[in-house]
Amino acid sequence: MAPAAFGASIAIDVGHYLEKPGVISARGVTEFEYNLRLAREIDVALKHAGHRTLLIGDDGLSDDLAKRAPRASGVDLFISIHHDSVQPRFLAVWEYEGETLNYSDKFAGYSLFVSRLNSHTEAGLRCASTIGAALRGAGFTPSRYHADPILGENRPFADEANGVHYFDNLAVLKTASIPALLFEAGVIVNRDEEMRLREPATRRRITESIVSAVGSCLY
């Protein structure tokens, strides 16, 4: 991708940590492993595009979530990278390589979250919406189920078309003193979606979408 017209400073937060690695995928891989790989690829792509980056939580030891966002004080945008699951009642079990693992093929897609307790909600929402629009343009579909009181957690839409929700009490968002958003790249308990997210070409489309969005939402 061509270098950005101006270089922004972006903090990339690796969701979860080694002791509590998040959801376990349909094939037994921790969410932290997926988060780390994608965050590193986003980091490289943003640098290549001329931005300055700060990678947070990549050592797997950042167990105090409330201290993550303050480390990014003074940068232009904080992005927390995650991969998604579903409500426990939608999980089933299957056998994979000798292990009994949970899965659900009911939901798929990306989601974005912002907090109204963040002091820069408008700017965070603008970037989340721009990222969502870029992802849609690259062929991805928002999951949308988080807004449903039955299927999800009743997280209201901030921008339904682009898959952005309000999640006010997320620690890494509400404690940030800068524009902040959380990105769920896909549902890794969905067996097909997990395989897609393993493909370098899929992750490249994700990173390119984020890079292009960052270049236009920060002004």
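The following is a conversation about a predicted model, in which a visitor asks for the grounds behind each term.

Visitor: What makes F90 and F107 an edge-to-face pair?

Guide: A search of the whole structure finds five aromatic pairs, and F90 with F107 is one of them. Ring centres must lie within 6.5 Å to pair, and planes over 60 degrees apart count as edge-to-face. The centres of F90 and F107 are 5.4 Å apart and the planes stand at 75°, so the pair is edge-to-face.

Visitor: Which parts of the chain does this pair link?

Guide: F90 is in the loop between β3 (77-84) and β4 (92-96), and F107 is in the loop between β5 (99-103) and β6 (111-114). The two are 17 residues apart. Ring pairs also bring in Y145, giving a cluster of F90, F107 and Y145.

Visitor: Why is F107 called buried?

Guide: The limit for buried is under 20% relative accessible area. F107 has 8%, so F107 is buried.

Visitor: How do you know that the charged end of R191 sits over the ring of Y103?

Guide: For an arginine, CZ has to be within 6 Å of the ring centre and within 35 degrees of the ring normal. The charged end of R191 is 3.7 Å from the centre of the Y103 ring and sits over that ring. R27 does likewise with Y96, at 5.6 Å from the ring centre.

Visitor: Why are C127 and C217 called a disulfide?

Guide: The cut-off is 2.5 Å between cysteine sulfur atoms. Those of C127 and C217 are 2.0 Å apart, so the two form a disulfide. A search of the whole structure finds one disulfide. The link is right-handed, with 85° about the S-S bond.

Visitor: What does this disulfide tie together?

Guide: C127 lies in helix α2 (residues 121-137) and C217 in helix α5 (residues 200-217), so parts 90 residues apart in sequence are tied together.

Visitor: Are these cysteines buried or exposed?

Guide: C127 has 0% relative accessibility and counts as buried. C217, at 1%, counts as buried too.

Visitor: What makes H146 buried and R116 partly exposed?

Guide: H146 has 4% relative accessibility, so H146 falls under the 20% limit and counts as buried. R116 has 45%, which lies between 20% and 50%, so R116 counts as partly exposed.

Visitor: Where is each of them, and which residues do they touch?

Guide: H146 is in the loop between α2 and β7 (157-159). Leaving aside residues up to four places away in sequence, H146 touches D84, S111, F113, G152, E153, N154, R155 and H165. R116 is in the loop between β6 and α2. With that same exclusion, R116 touches T121, P156, Y166 and D168.

Visitor: How do you know that β1 and β2 pair?

Guide: Pairing needs at least two bridges. Five bridges join β1 (residues 9-14) to β2 (residues 52-56), and the strands run parallel, so the requirement is met. In this pairing D13 stands opposite I56 of β2. The chain crosses from β1 through helix α1 (residues 31-48) to β2, and the β-α-β crossover is right-handed.

Visitor: Which strands pair with β9?

Guide: β3 is one, running parallel to β9 over six bridges. There, A180 is the bridge partner of F78. β6 is another, pairing with β9 in the antiparallel sense over three bridges, and L112 stands opposite F183 in β9.

Visitor: What makes β9 mostly covered?

Guide: Strand β9 covers residues 180-187, and eight of its eight residues are buried.

Conventions. Residues are numbered from 1 along each chain as its sequence is written. This is a predicted model: local features need pLDDT of at least 70, side-chain atom pairs count only at pLDDT 80 or more; totals for chains, interfaces and linings use all residues. Side-chain values use heavy atoms; hydrogens and water are left out. Rings of Phe, Tyr and Trp (its six-membered ring) pair if their centres lie within 6.5 Å; planes under 30 degrees apart count as stacked, over 60 as edge-to-face and the rest as tilted. Helices (H or I, at least four residues) and strands (E, at least two) are DSSP runs, numbered from the N terminus. Buried means under 20% relative accessible area, exposed over 50%, partly exposed in between (1.4 Å probe, protein chains only). A crossover is right-handed if, with the strands pointing away from the viewer, the path from the first strand over the helix to the second runs clockwise. Contact means heavy atoms within 4.5 Å.
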